[in-house]
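This report looks at charged side chains in a predicted model. It takes up their pairing and then their grouping at the surface.

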Amino acid sequence: MKESIHILVIEDNPGDSDLITELAEEETLRPIELLTRSTLADGIEALNSDQFDAILLDLGLPDSDGVATFEQMYDAAGGTPVLVLSGQYDSEIASRCMALGADDYLVKGRIESFIAWAVHNTVARKRAEAVAKREAAMNVAILSSISDAFFALDEGFVVTYFNNAAEKALNRTRSEVLGRSLFMAFPEIRGTVFEEHFRTAMATKEPNEFEAFFPTEPYKGWYDIRIYPQSRGISVYFRITTKEKQLEKERDEALARLQLALESSKIGLWDYRPLENTVVFSKEWKRQIGYGPDELPNEPDVWGQRLH
């Protein structure tokens, strides 16, 4: 069974109320359940005690009249769609109601053919908007929680998203960068390889990955950057790899010192690496057993063949 649409009708004319009830009973697309009230006060009371998918509101009621009727109901509706009912078409009133947030403006006597369509269309649109908002909120939560720093740029290089990790990595808050051009929020980027890569990714709509050193304080350091084009801009993920680079440098320097010490001490060494299934022979070891520096490949069988 199809889910019913719950409509609050606020209409003081019995004839119009009966007509709307008849139209609802004839509806075949989805069942429509109506609750009818004849005054604005009773309508607001009903709204406070129940939930509805839409509201059909007559502007001329015993306790309220005109645009003021809509304004009071709109404030009380809390996001529930409000479709205005009027005895005659008044372009000024219609324009004011729509500008204030009405979802539709229906004229009595002309609603028979499309009242159901208007209700279904309004409810479907509002539900789609609610789903989109929930999905957007979920996306924001996901992007905020990822460990990599992330920001998004529109086609004009305006920052449209800046996650928690980006705030921490760059010591800048969202309020400082959102809605601003990247090159205004971070003028230090201008003229760097970073700007070049961002502009290239935006123009070509192709992913781009690179690692580079940013030379200017307060952002001086090494960065690992991944850029992914979107339909209307680019998404940028980055990690600051300065500490990793420093560790690599220290490791390389230590290996170089060790190599120099080995060569100076005339000690021949070989190193078997089981995970890679390779064996590395030092130049001095090769020299001591009568081979040149470029002889003997780094293969375990080479060593086994020479054992007696």
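## A pair within helix α9

Glu 195 and Arg 199 both belong to helix α9, which spans residues 193–204, and they stand 4 residues apart, about one turn of the helix. Their side chains form a salt bridge in which the closest N and O atoms are 2.8 Å apart. The two partners fall into opposite sides of the 20% cut-off for burial, because Glu 195 has a relative accessible area of 12% and is buried, whereas Arg 199, at 36% relative accessibility, counts as partly exposed.

Elsewhere, Asp 224, Arg 239 and Glu 244 are joined into one network by salt bridges that share partners.

## Further salt bridges

The count of salt bridges in the model comes to 6. One of them links the side chains of Glu 167 and Arg 174, with an N to O distance of 3.2 Å; Arg 174 is partly exposed, its relative accessible area being 23%.

Another salt bridge brings together the side chains of Glu 176 and Arg 172 at 3.3 Å, N to O. Here Arg 172 is buried, with a relative accessible area of 14%, while Glu 176 counts as partly exposed at 35% relative accessibility.

## A negative surface patch

Asp 18, Glu 22, Glu 25 and Glu 26 form a negative patch on the surface. Of these residues, Glu 22 is placed in helix α1, which covers residues 14–26, and Glu 22 is partly exposed, with a relative accessible area of 44%. That value satisfies the requirement of over 30% relative accessible area for patch residues.

Technical notes. Residues numbered from 1 in each chain as written. Predicted model: local features only at pLDDT ≥ 70, side-chain atom pairs only at ≥ 80, totals over all residues. Heavy atoms only, no water. Patch = residues over 30% accessible without salt bridge, like charges linked within 9 Å, V, L, I, M, F, W, Y side chains within 5 Å. Areas by Shrake-Rupley, 256 points an atom, 1.4 Å probe, with all protein chains shown as cover. Salt bridge = Lys/Arg side-chain N within 4 Å of Asp/Glu carboxyl O. Lys, Arg positive; Asp, Glu negative; His and termini not counted. Charge placed at Lys NZ, Arg CZ, Asp CG, Glu CD. Helix = DSSP H or I, 4+ residues; strand = E, 2+ residues; numbered from the N terminus. Buried < 20%, exposed > 50% of the residue type's maximum accessible area, 1.4 Å probe, protein only.
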